[in-house]
Amino acid sequence: MRENFERNQNLEYYVNWKNNYYQFNEKNFIKQSVSHLNEVCESPYYYETTFIRKRLDPMSITDDTLSSLLAASFEQKHILLDSKTFYIKDIRDVTDTPFNTIVFQLDAPSLKTEESSRTIMNRYFAQRPLDYNTIQYFGKCLGFYHRCPFVSGDEIFVPEKGSANDSTSWYGIHHILYANEDKKTKCMHVHFRGHHELQLNVSARSFNEQVDRSAILFVYQQFIIDELVGLGHYVPEPSVITELNIVQQHLKKFTFTMVLHPLEKILSYISHYRVQETLEKVLGEANPYIGEIRDNFNSNFKK
């Protein structure tokens, strides 16, 4: 009789335990069919987390601040540039550091590496639809023999010095909003997006010339792309512009006008330019008419 009592009492406890278990699950868990077994069940508990991204303080990049910027940079073995990169600084002449390049980004800390700027830029060029050699050749057709800007879509990088055989610094002119000349130091104070500033050791004449070259290459490239896309009856998507960079501002000036040739004439000019290069190699003499032909081709734009 005692055993029966204890068995019934234990059974009652187990029944209560079972009922409490099912009641808890019915209240707090969603019953799911077999087809939803792979979905994640909601927990009766949750944690509320808020991520606050600290805004990057504007940087002032000068020869005097280089040491502090280098110390604050993150070390990377290899660097791949992206749309937020605005300056690649060659620091091979800085003797008290093993690093050769600093890469500055709009909304992230700067990066330092032992790679040369030439290696970094060649990696970047290889990722673009047209490499630097192609852009350089078209620039050469237009008379841009030295320090030709690299234009790839909306991204434009300009070398501070000739980069044919050595590393140099590159500035992303597509992120520059305005620039002003410091006549005492004979350099340019450049203002990027994000309020970053750079003391650029080039003259005002050289800087303005590169803005003009970048604008010409940009317009030609966009025109050729639009014409080729149009042959397939595709409509290119317009790019969203939040704030005009210095090249786009230059294109809107009334002092800059450009009437483009038909695509056939552009391609014909490039073909003739390549032929005259071959003739110069074979004949061993410079073409006396190339300047006249180039001036005629370039006569459709005025600054």
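Modeller: Let's start with one term: two residues are in contact when they have heavy atoms within 4.5 Å. Please keep in mind that this is a predicted model, in which local features need pLDDT of at least 70, side-chain atom pairs count only at pLDDT 80 or more, and totals for chains, interfaces and linings use all residues. Residues are numbered from 1 along each chain as its sequence is written, and side-chain values use heavy atoms, with hydrogens and water left out.

Biologist: Thanks! Which residues is S152 in contact with, leaving aside its neighbours within four places in sequence?

Modeller: With that exclusion, R128, P129 and Q221 are in contact with S152. S152 sits in strand β6, residues 150-152. Helices here are DSSP runs of H or I with at least four residues, strands are E runs with at least two, and both are numbered from the N terminus.

Biologist: Is S152 buried or exposed?

Modeller: The cut-offs come first: buried means under 20% relative accessible area, exposed over 50%, and partly exposed in between, using a 1.4 Å probe and protein chains only. S152 has a relative accessible area of 7%, so S152 is buried.

Biologist: And the whole chain: how many helices and strands does it have?

Modeller: There are 8 helices and 13 strands. Of the 303 residues in the chain, 37% are buried. The exposed area is about 20400 Å², with 53% supplied by carbon and sulfur atoms; the Shrake-Rupley method with a 1.4 Å probe gives such areas. Among contacts with a separation of 6 or more, 59% are between residues 24 or more positions apart.

Biologist: How should I read helix packing?

Modeller: Two packed helices are described by the angle between their axes and the distance between the axes. Axes are lines fitted to C-alpha atoms, for helices over the stretch in contact, and angles run from 0 to 180 degrees between N-to-C directions. Here, α4 (residues 132-141) packs against α7 (residues 263-283) at about 90°, and their axes are 10 Å apart. That angle makes α4 roughly perpendicular to α7, a label used for 65 to 115 degrees.

Biologist: Which residues make the contact of α4 and α7?

Modeller: Helix α4 brings Y137, F138, K140 and C141, and α7 brings I266, Y269, I270, Y273, R274 and E277. By class, this contact has 7 nonpolar, no polar and 3 charged residues. In that scheme Ala, Val, Leu, Ile, Met, Phe, Trp, Tyr, Cys and Pro are nonpolar, Asp, Glu, Lys and Arg are charged, and the others, Gly among them, are polar.

Biologist: What about the nonpolar core?

Modeller: In soluble globular proteins, nonpolar side chains tend to be buried together. A nonpolar core is a set of buried Ala, Val, Leu, Ile, Met, Phe, Trp, Tyr and Cys residues joined through side-chain atoms within 4.5 Å. The largest one has 64 residues, of which I173 and F207 touch the most other members. Helix α5 (residues 204-231) gives the most to this core, with 11 residues. Beyond four places in sequence, the contacts of I173 are I156, V158, Q210, V211, S214, N245, I246 and V247.

Biologist: Now the backbone. What is notable about the phi of K186?

Modeller: Most residues other than glycine have a negative phi, and most peptide bonds are trans. K186 is not a glycine, yet has a positive phi of about 55°. K186 lies in the loop between β9 (176-182) and β10 (187-192) and is exposed, with a relative accessible area of 65%. H195 also has a positive phi, near 70°; H195 is in the loop between β10 and β11 (197-200) and is exposed at 57%.

Biologist: And residues far apart in sequence: where does E243 lie?

Modeller: E243 is in the loop between α5 and α6 (246-251), and is partly exposed at 44% relative accessibility. E243 and R193 are 50 residues apart in sequence, with their C-alpha atoms 8.9 Å apart. Not counting residues up to four places away, E243 touches L177, R193 and Q248.

Biologist: Which residues is D63 in contact with, again leaving aside neighbours within four places in sequence?

Modeller: K89, Q199 and N201. D63 is in the loop between β1 (60-61) and α2 (66-72). D63 and N201 are 138 residues apart along the chain, and their C-alpha atoms are separated by 9.8 Å.

How values were computed:
Parallel < 35°, antiparallel > 145°, perpendicular 65-115°, else oblique.
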